[in-house]
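Thanks for making the time. I'll talk through one sheet and then some aromatic pairs.

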Amino acid sequence: MLRLPVFLTLLFLFMAAGAQAQQQPCGNLDVPVTVIRANGEPVQGLTAADFTGLLKKQPLSIQSLTNDAGPRRILIVIDTVRLLSAQARKAQVEFASAVVHAAQPEDTFALLTARGGSQQVKFGADRSALKNALRILDEHAGETSGDAKQPGVMDAVAEGITWFGEPRLGDSIVLLAADLEGNHKANHKSVAKMLEEHRIRLFGVAFGHLQLANSTAAATGMGREGFGYQQPGIPMYTNATGEANFLPLSVNSGGYIVPEDALLRKKEFQLTDLKRKQLQKTGALMSELIDKFYRLRIQLPALSHPESLTVTLKQSQPGTHVLYPHELSCRSPAGD
C-alpha cells in the first residue's frame, strides 16, 4: 500500500496536472463575420486592422482576416403551418427558390418542413430533388394538412442540425416560419446550444409577427439564458406582440432575420408581382451573405463554458452592423 504522504503527493500532482490541462488555451478559431449596410448589402474590402474583439469582456487577439467564399451547406426549413395562407406559402417557396438560384454551383442543400405538408431532402441529393420538393410545396400551398403530432419549428431545426454531421465553417440554416411554436422536444434554448456547438448560422424570414425586445443597436442579455438581441442591418418595425425568440436566436448565431409579416389583420397578404420581385432580390442577397463572409481568425483562451463574444469595427461606419456568432466555446473546432 502507498503511504499516506506519498498518496497525497501523487493526488496533488494529478489534480495540479488536470487543472493545468483545463487552463490550456483553446487555440486558433475561425469565426464567420459579415459587415452589412442598412439595406443588407455586404461591406467589402475590410482588413484585420479594421476590427476589434472582446471575449469575456477582455481584449481578444485577432490573428488574421480573409475573404471566404468556399462551398456551403445550406438547410432550408419551411414552416407549413395552417395559419399561413396559400399566398404566404407560395411566398415562402419564392424566397427559398431565390436563395437556391443565387447560390454557388458547389453549394449543397437540404430541405425540411414543420407543422404541415411534409417534404424532406437530405444533403447529398441532387439539386433537382430540392427544386422538385419546392415545386410540390408550391402546388399544394392551398391545402391545409398536418396535425399536432408533426414536428414543430424548433423540432425540425434541431433534427436538421443533425444532418450536417461534422461542422464546417459557413454551415447555415434558412428558416421560413410564422413563429417557433408547436414543438414536442426542442425549444429555442436547446436549439441555441446546438447552433453554437455546431457553429451554424441561422438566417430566416419571419412570416408572422416579429417582436423586437430592443430597438437600439446595443446587445442586451446576449446568450441562451437571457435572450436579448443586437439589431441587424435590416429595416424592421416594432410590434408589441409576436414571436420573441426568432430574432435573438438568429443574431446570436451570426445571422439575421427579414420581416415579412403575412398575418397582418389590416389586409390579406398577396403575392403580387412587386412582392415576388422583392422576395427574389432579398433571397438572392441572403444567399450572397451566406456564401461570402470574412474568416476572422482569433486566439481563443482557455474556456470552461461558452463565453460572450463581441466583434466591432474600430471606426464605425454609419448604417453598418457586424454579424457574428455571439457565443464561443472550446467545443468549437479549431481553424486550420
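Start at V33: its bridge partner in strand 11 is Y294. This is a predicted model, so read everything that follows in that light. V33 and Y294 belong to a longer ladder: strand 1, residues 27-36, and strand 11, residues 293-300, run antiparallel and are joined by 7 bridges.

Now the sheet around them. It is open, has 4 strands in the order 4-11-1-13, and the pairing is antiparallel. Strand 4 (61-68) and strand 13 (321-323) are the edges, each pairing on one side only. From one strand to the next, the twist averages 35°. Helix 7, residues 273-291, lies across strand 1, strand 4 and strand 11, and runs at about 35° to strand 11.

Next, the aromatics. How many aromatic pairs does the structure hold? There are 3, and I'll cover two of them. Y294 comes back here: its ring centre is 6.2 Å from that of F51, and the planes are at 65°, so the pair is edge-to-face, the angle being over 60 degrees. F51 sits in strand 2 (residues 51-55) and Y294 in strand 11, 243 residues apart. Buried or exposed? F51 is buried at 2% relative accessible area, and Y294 is buried at 4%.

The other pair is F203 with Y256: centres 5.7 Å apart, planes at 85°, so again edge-to-face. F203 is in strand 9 (residues 201-206), while Y256 is in the loop between helix 6 (246-253) and strand 10 (257-259), so the pair ties together parts 53 residues apart in sequence. F203 is buried, with a relative accessible area of 1%; Y256, at 0%, also counts as buried.

Notes
Residues are numbered from 1 along each chain as its sequence is written. This is a predicted model: local features need pLDDT of at least 70, side-chain atom pairs count only at pLDDT 80 or more; totals for chains, interfaces and linings use all residues. Side-chain values use heavy atoms; hydrogens and water are left out. Two strands pair if DSSP finds at least two bridges between them. Helices (H or I, at least four residues) and strands (E, at least two) are DSSP runs, numbered from the N terminus. Axes are lines fitted to C-alpha atoms, for helices over the stretch in contact, and angles run from 0 to 180 degrees between N-to-C directions. Contact means heavy atoms within 4.5 Å. Rings of Phe, Tyr and Trp (its six-membered ring) pair if their centres lie within 6.5 Å; planes under 30 degrees apart count as stacked, over 60 as edge-to-face and the rest as tilted. Buried means under 20% relative accessible area, exposed over 50%, partly exposed in between (1.4 Å probe, protein chains only).
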